[in-house]
Each structure stands twice: as structure tokens, then as C-alpha cells.
Amino acid sequence: MISFLAGRQRAVTILLLALGFILPATAGERGSTEFGVCFHHGAFGDEYTPAAASVLDDLRSAGKFWIRGDFQDPARDVSFAAAMKRKDIQVLALLPWYSKDTSGWSAYVKKQVQATPAVPAWEITNEPEMTWWGGPIPSATYMSMLREAHAVIKAANGDARLVGPAVGASSEGVAYLKSLIDMGLLEFVDAISVHYYVYHQNLLLEEVKRIVAGRKPIWITETGWTTADQEGGEEAQREYIQTHYDRNRGILGADPAVEVIFNYELNDEHHPAIAGKDDGWGLTYGPEGGFGKKAAYHDFKKLLACDPP
């Protein structure tokens, strides 16, 4: 029976490879899960202050991590990227585009990439399939945007990674992702980015994995727990970090398909966090709260200090 099953497994593997699929790496074959934080250094005001920098320094003292920032102001982005390089914090530069009119997209991308060509990774748009900002961007339009961004970014830095499409792990996000993959998405990205939220019912990671079929690693570029609108407050947020991020048994952290997890976000935007306003996602109380640290902050910091499994 064992020999028969082994033969069947080999046959399935050969068939998948023949179809252009690569089976997902096991936990032992891939690197340990990496972590990051989302940080609004420019899009919603200048969050990168000396006090905010000290929080990043405290996290960096525990271990390396990524930071995801909105790149929309080249003058501000240059100084931010330089500061992160000095701190040895890897930057995922998000290129958000909240418009169906893409006439200015090419110029925007060129301006941003020319300002910070050494950024190690770029994310192409944010939640393009959603309606909250007036979307969605049609799939074919997104692919045109991606091709343009790919050409510009790779010409400036051949080692830079492209990540996208930053869809929610919902039925709409999965359908949008599938349409993009059918149009050739995997030729232009180095990782598939999705957003995973209990609060927003974006939980269809298994469906995302089925569609991607191991051909690219998955980056969870937004996930977290809001202490303003979800039951349990800070203790529930801390439990979320433990049950979802842990490299050995976490729902996301132990998944061999997931390469990087970004907590949304590092700092609250208001203090006290405003209920009903999609607030309270931070690991700290933010500038209005003196960057006081929530319980989950300390558990997140421990993850950065942990040796790989």
C-alpha cells in the first residue's frame, strides 16, 4: 500500500509539473516566516517622527522585519527609504491607486521609482477589486498597470521584487485574483499579496492557495485585530498574534505557502481609538497616545527575536 501511494504521489507531482505547477514548499524547504508592519509615513500625514522612529528602533533591536509604507510623495519617500536603510529595515513600497482613471499611472510610477530605485520590493495597488474607494479597477486595466510598473521597476533595479495584487481574501478577491492569473499575472509578480481579516470576513486563504497552486509565495500584506471594533479588546489582539503568527503552529505563520506577514498596523491613528471608524488596529496607541505599547506589541516583538523553527 505504501509503495502504491508513493507511486501515485510521484505521478501527481509529474502531472502538476507538466502543467506548469510547482508544489508548495514545505516548512523545512522554505525560509522561516518573515514579519512586517504597515506604517503610514506619508499618505495620512507624516507619521515618521522621532518618537515613531524610536518605536521602530525598539522593534529592530529584537530582529529584522519589513515595513510597508504608502509611496505617494517622492520628497518624503526618499528620506523615509534612506532612514529605513540605515536601520536595516526592508521596505515594501506600496503604490496605491484609488481611481479607475489610469491616465496618470505611468508618470506616477516613474516618478516614485526614480526617487527610490533601491527599494527592495514594490506592491502594485491596494485592494483594486474593492468598492469602498469607488472601484473596482477592471482586471484588464490592472494587468496593463502591472506591465507598465514591472518594466519601470525592473529597469531601475533588476533585483527588486514585485508583489500584488493586494486583494482581500474574500469571494470577490478570489474571483479577481483568478481573472488576473488567467491573464498572466504570475509572469509579472514575485509574490501574491492578499489581505486577511477576521473582522472584514476576508478569510478565504485556502481558496487563494488553491488558485496560486504554489507557483508563487503568498505575502499577507495586511492582517490584524482592531481593539476598537472587535470583541476582546487588547487581550484578543494579543491572542490573535499568538494563534495566527507563530511560526510553529500559527494559522498563518506555520503555513508553508505564506512567506511574509504584515501586521496592520504598527500605530493607532487616534487615541482613544474611534469605534466604528475602522480604527484601533495598531500595536501601539500612536502619536496621540504617546506611542504607548499594547500587550500585542510585546508578543509581536518576541516573534522577531525567535530563532527560525
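**Group meeting: a walk through the fold**

Okay, so the protein chain here has 9 helices and 8 strands. Keep in mind that this is a predicted model. The chain runs to 309 residues, and 49% of them count as buried. If you take the contacts with a separation of 6 or more, 73% come from residues 24 or more positions apart.

Let's start with the inside. The largest nonpolar core has 74 residues, and the ones that touch the most other members are W122, I124 and L185. Helix α5, residues 139–156, gives this core its largest share, 7 residues. There's also a second, separate core of 12 residues, with W219, F262, Y264 and W281 among them.

Back to W122 for a second. What does W122 contact, once you leave aside its neighbours within four places in sequence? The list includes F71, L92, A93 and L95, then Q112, V113 and T116, and also I153 and L162.

Two of those, Q112 and V113, bring us to helix α4, residues 105–115, where they are buried along with W105, Y108 and V109. Why do these residues sit on the same side of α4? Because they cover an arc of only 120 degrees around the helix axis. Turn to the face pointing away from that buried side and you find A107, K111 and Q114, which are exposed. As for what the buried residues of α4 pack against, that's α3 (74–87), β3 (90–95), β4 (121–124) and our friend α5.

Helix α9, residues 295–305, is the other one I wanted to show. Its buried residues are A296, Y297, D299, F300, L303 and L304. They cover an arc of only 165 degrees around the axis, so they end up on the same side of α9. Covering them you have, among others, β1 (34–38), α2 (50–60), α8 (233–245) and β8 (258–263).

Last stop, the largest pocket. How much space lies in there? About 650 Å³. It's lined by 29 residues, and the closest to the pocket centre are E127, W132, E222, Y264 and D278. You'll remember Y264 from a minute ago, as a member of that second core. In terms of chemistry, the lining of the largest pocket divides into 12 nonpolar, 8 polar and 9 charged residues. And which element supplies the largest share of the lining? That's strand β2, residues 66–70, with 3 residues.

That's my tour, thanks.

Technical notes:
Residues numbered from 1 in each chain as written. Predicted model: local features only at pLDDT ≥ 70, side-chain atom pairs only at ≥ 80, totals over all residues. Heavy atoms only, no water. 1 Å grid on protein atoms, 1.4 Å probe; cavity = no way out; pocket = protein on both sides within 12 Å on 5 of 7 lines; lining within 4 Å. Points joined across faces, edges and corners; volume = space filled by probe spheres on them. Helix = DSSP H or I, 4+ residues; strand = E, 2+ residues; numbered from the N terminus. Nonpolar A, V, L, I, M, F, W, Y, C, P; charged D, E, K, R; others polar. Core = buried A, V, L, I, M, F, W, Y, C linked by side-chain atoms within 4.5 Å. Buried < 20%, exposed > 50% of the residue type's maximum accessible area, 1.4 Å probe, protein only. Contact = heavy atoms within 4.5 Å. Arc of directions from axis to C-beta.
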